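Got the viewer open? Here is a walk through the chains and helices, stop by stop, with a note on what to select each time.

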Amino acid sequence: MKISRKQFLKLTGASLLTLSGGKLWSALAYAGQAVAHPVQLIRGKQLAMLIDTRKCAEHPDCTGCIEACAKAHNIPSFKNPAHEVKWIWTEPFENVFPTEETRFMPAGLKEKPVMVLCNHCDNPPCVRVCPTGATWKREDDGIVMMDWHRCIGCRYCMAACPYGSRSFNWVDPRTALGDLNPVFPTRTKGVVEKCTFCPERLAKGQLPACVEACSAGALLFGDLNDPASAIRTQLETQRTIRRRPELGTGPNVYYVI
Amino acid sequence: MFMLEKAVVGSRRYWIWISTLVGIIAVAFFFYLRQFNYGLGITGLSRNVTWGLYIGQFTFLVGVAASAVMVVLPYYLHNHKEFGRMTILGECLAVSAVTTCILFILVDLGQPMRALNIIIYARPNSMMFWDMVSLGGYWVLNATITLVSLHAVQKGVAPPAWIKPVILLSIPWAISIHTVTAFLYSGLPGRPFWLTAILAPRFLASAFASGPALLILLCMLIRRLDGYDVGRKAINDVAIIVTYAMTVNVFFLLMELFTSFYSQIPTLMEHFENMYVGVGGNSSLVPWGQSSVVMMTAALLLLLIPQTRRNERTLVVACILTFVSLWADKGICLVVGGFIPSPLGAMTGYVPTLPELCIGAGVWAIGALMVTVFYKVALSTAVAAGADFAHGPATVKEAA
Amino acid sequence: MRDRAWILLGLGAFLLLLSSPLWWNMRARAGLKGPDLVSPADQKDCVLPAHEMNVSHMQLLLQWRDKVVRQEIHSFKAYDGKVYDMRLSGTCLSCHEKAKFCDRCHAYVGVKTPYCWDCHIDPAQTRPALARRSPQ
C-alpha cells in the first residue's frame, strides 16, 4: 500500500500516543489519589521540642547533640561552607531572633549560641511548595518528613523555608563521610535534607538522637497534644519564644532564653 | 512535515552561524555531563543562595516567551493588520523561548531523572506544578500554531478554522505563564524581597518590554540579512508597546523603592541596598544592579522621545538597552537578591562558575538555534509560496 | 540486475550479524554454569518463598519503601508468620552477603540495580571509598 512519509509519521505518532494513553490515564488516576490536603490536619500527636538555652550555655564548647545527629544519620562534613549539610547547629542569638535585638542587651546575649533545627511547623511553607510531595507533614505525629526517593532536587522548599533549616547535597555526600553508620542510609547528591525528628528511633521507642545525647538536659521532646506531657507543662509554666511566629508558620521548636 | 529541508539550504554566513551555535551547545553538553556526574556543586550555588543563573535565566525567558502576546493580541483581537507579517516571527520566538525555559529548569534539577515525579505525584498546592502545566501547555499551543501557520502559507491557503480558538487561547495563557512564574516567588513568607503583590505585575511589564524589544531587533536583522520587511508601521507600533511597558516597569520599580525606603523597614530595604549599593561586605550584585538602572533610564529616555524612537538607529540602541537592563534585573538581581541576606542573616555572595556559564550559554544557543531554523523555514516558505504572512490567518472580525 | 549478487551478499552478512548473539553463545556452550550464589548459612526462610523472591523482590522492596517512608508502617508478616522489620540493609542484608549473593546474580543476569546503593549501605562495607566501587 502506498503511504507517504508524512502519513507514516502521523500513524506512528498516533499509535504511540494511544499505547501510552493507558499508562498516562493510570498515572493521572494515581495522582488523583495522591493529592492530599495542602496542610495536613493534625489528628494525632504534634511532636515538639523545647530548648533551654540557659542550660545549653553552661557548656559553651559542647557539641554533643550535633555529633550524635551526624553519627546517627551519616551527615557529611564539608570543609567548603557553601556545601555544608547540617540538621542541627548553633547560631548567634542575634541571627536566630533578629527582632529580639535591642540597643542595650545583657552582656553576651547577642552572640550567645542557640541551637537551630527544622521547626516542624504546623503550617509549613516547604510542604506547600513541594511539587512532588517529597516533603509532607505526617498526620500521626506532626513531623515534617522527607522522602529521599522522590525528591527531584528543585530546592523550592529551601527557598520557601523562612528559617534556613534545609540543606542540599551539592555533591556526593559520601566524599565527606568517614566510616558509615549502617543503621541509617546516606543520601545521594541532588536531594534536599533536614532534621526529621528521628522517626526511625521513635518507632523503636527511643528519643531523637540529639535529645538523648544532651548531657545538660537542655532539650525536651514530647507531644504538644498530650496535656500531661512534660513539654506541655514546661510551656505552660514558663515564658518561651519561637522563631518568626508572625509569619503564621506555627513553628514547634520553643526556646527558653 | 517540519519543512526542515528549507533549513539545510543556506549561505556561508548562515552555516557559520549554525556551526557556532552547535559548537556552543556541544561545549555545554560536555559541561552538563560533568555536572550530572559530579552534582550541582560544580556551580557557584551554596546552602544560602540555592537558585542562581539557571533559575534567573528561566525567569527572564518566561517573560520573553509571554511577550508574543503583544503582537498576537492586536492582530487577532483588534484587526491590527500591520502586524500581519510579524505574528509568525513572534510565535516562533515564543516556542523557542519556552523550550529554553524548560531546559533551564531541567539543568537546575538535582535529580533530573526523576523530573516526571512532578506529573506522577501531582501536587496542585505547589506553584511549581502549575508552572509545569502552564509552560507545557503554552509550548503545545505555540508549537501547534506555528506549524499550522507555516503549513498554510506553504500550501497557499488560509489556515484551518480550528486554529483561531487555539490562537485566542494562547493570549490569556501567555499572561498566565508569567503570572504563575511570579507566584513561585511572591507567595513565600520567608523572603521579604519577593513577598510583594506587585511582583507579578512587574514581571509582566518587564516581559512586555524585553520580549518585543528582542522581536524588533530580530525583525531588523532579518530585513538586513534576508530582505523580509515586516513594515515600518509594525516596527513603530511595537516600539510604542515597548515604551509603554518600559514606563510601567520603571514606575513599578519606583513604587517598590518607595514602599521599602519610606517605611524604613530593614527587611525591605536591605535587599535593595544589596543590589544597588552593596552593604555588609558583599557587593557581588552591585555592578549588575547599578548598570541595570542606568541602562533602564537611558532606554526609557530614548523610547519616550518620539524622534529617537522613530529613528531606527537610536531605536536599536534603545531595544538593546531595554533587553540587557531587564535581563540583568530579572535574570540576575531578582533571583539572587532574594537569597541575600539568608534567613539567618548571612550575606553569602554568588558568582557563577565557568561550567555553569557554559551550560547557560548552551541553553541560550539552543534557543537561538531554534529561532534561526524557524525563521529560515518561515521565510523560505513564504518566498517559495509567493505569499507573505500578511494574508495569513483570518482575524476574528473577518471570520464573523 | 547486476547488483543481485551484492544485495544478497549484503543481506546475508546483515542477517548473520543480527543473529550473532544466538549462534555465538550456542557455540560457547562450555561456560554455561549459573551464578555461584552463597546463601545464608543459618537462615533457611526468607520473607517470601524463594521462587517468589526470585521473581518479585524488587516489587516487594518498593512496597516496603512506601510503607515505611510514607505510611509509617515498619513491621512485615512473612508467609510463615514470622514478623520482620522492613529494612533493606537492616533485614535483607543481615542474612544475605551482598557481594556473594545479590551482586553475583545481578552480574550474571546483567540486571543493573537501580540507584538504591547510592544511599543504602551494605553493612559489610561501611567505608565509603570501598562502597562506591562495589559493583552495581
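Two residues are in contact here if their C-beta atoms, placed from the backbone, lie within 7 Å. Keep that cut-off in mind as you go, and remember that you're looking at a predicted model.

**Stop 1: the chains**

Colour by chain to start. Which chains have the most contacts between them? Two pairs of chains touch, and the pair with the most contacts is A and B. Select that interface and you should pick up 36 residues from chain B and 47 residues from chain A. On the chain B side, two elements give two or more residues each: α5 (117–120) and α6 (127–155). Of the elements, α5(B) gives the most, with four residues. Colour the chain B side by class and you get 20 nonpolar, twelve polar and four charged residues.

Now swing over to chains A and C. Here 18 residues of chain C are in contact with 16 residues of chain A. Four helices of chain C each supply at least two residues to the side that touches chain A: α3 (50–71), α4 (88–95), α6 (116–119) and α7 (128–133). By class, that side of chain C splits into seven nonpolar, five polar and six charged residues.

And chains B and C? They do not touch, and their nearest C-alpha atoms are 11 Å apart.

**Stop 2: chain C by itself**

Hide everything but chain C. You'll find seven helices and two strands, and reading from the N terminus the order is α-α-α-β-β-α-α-α-α. Of the 136 residues in chain C, 10% are buried. If you take contacts between residues at least 6 apart in sequence, 58% of those in chain C join residues at least 24 apart.

**Stop 3: the core**

Bring the other chains back and look for the largest nonpolar core, which has 184 residues. The residues with the most contacts inside this core are A:Leu219, B:Ala65 and B:Cys101. Centre on B:Cys101 and show what surrounds it: leaving out residues up to four places away in sequence, B:Cys101 touches B:Phe58, B:Leu61, B:Val62, B:Ala65 and B:Leu135.

From there, select helix α3 of chain B, residues 69–78. This helix is mostly covered, with eight of its ten residues buried. The buried ones are B:Val69, B:Met70, B:Val71, B:Val72, B:Leu73, B:Pro74, B:Tyr75 and B:Tyr76. Just past the end of α3(B), check the backbone of B:Asn79, where phi is positive at about 60°.

**Stop 4: α8(B) and two of its partners**

Two packed helices are described by the angle between their axes and the distance between the axes. Try that on helix α8 of chain B, residues 199–226, starting with helix α7, residues 163–186. Their axes come within 8 Å and cross at roughly 135°, so α7(B) and α8(B) are oblique to each other. The crossing is right-handed. To see the contact, show B:Ile175, B:His178, B:Thr179, B:Thr181, B:Ala182, B:Phe183, B:Tyr185 and B:Ser186 from α7(B), along with B:Leu199, B:Ala200, B:Phe203, B:Leu204 and B:Ala207 from α8(B). That set has nine nonpolar, four polar and no charged residues.

Stay with α8(B) and add helix α13 of chain B, residues 312–337. These two pack at an angle of about 135°, with their axes 9 Å apart, which makes α8(B) oblique to α13(B). This crossing is left-handed. Residues to show on α8(B) include B:Ala213, B:Leu217 and B:Met220, and those they and their neighbours meet on α13(B) include B:Val316, B:Phe323 and B:Trp327. By class, the contact of α8(B) with α13(B) has 13 nonpolar, three polar and three charged residues.

**Stop 5: two threonines**

Is B:Thr259 buried or partly exposed? Find B:Thr259 in helix α9 of chain B, residues 232–263. It has 14 C-beta neighbours inside 10 Å and so counts as partly exposed. Draw a C-alpha to C-alpha distance from B:Thr259 to B:Arg47: they are 30 Å apart in space and 212 residues apart in sequence.

Finish with A:Thr12, in helix α1 of chain A, residues 5–34. Because A:Thr12 has 10 C-beta neighbours inside 10 Å, it counts as exposed. From A:Thr12 to A:Ala70 the C-alpha distance is 54 Å, with their positions 58 residues apart in sequence.

Definitions and conventions. Residues are numbered from 1 along each chain as its sequence is written. Chains are lettered from A and ligands numbered from 1 in the order in which they are written. This is a predicted model: local features need pLDDT of at least 70, side-chain atom pairs count only at pLDDT 80 or more; totals for chains, interfaces and linings use all residues. Axes are lines fitted to C-alpha atoms, for helices over the stretch in contact, and angles run from 0 to 180 degrees between N-to-C directions. Angles under 35 degrees count as roughly parallel, over 145 as roughly antiparallel, 65 to 115 as roughly perpendicular and the rest as oblique. A crossing is left-handed if the near helix is turned anticlockwise from the far one by less than a right angle, and right-handed if clockwise. Ala, Val, Leu, Ile, Met, Phe, Trp, Tyr, Cys and Pro count as nonpolar, Asp, Glu, Lys and Arg as charged, and the others, Gly among them, as polar. A nonpolar core is a set of buried Ala, Val, Leu, Ile, Met, Phe, Trp, Tyr and Cys residues joined through C-beta atoms within 7 Å. A residue is buried if 20 or more other C-beta atoms lie within 10 Å of its own, exposed if 12 or fewer, and partly exposed in between; C-beta atoms are placed from the backbone.
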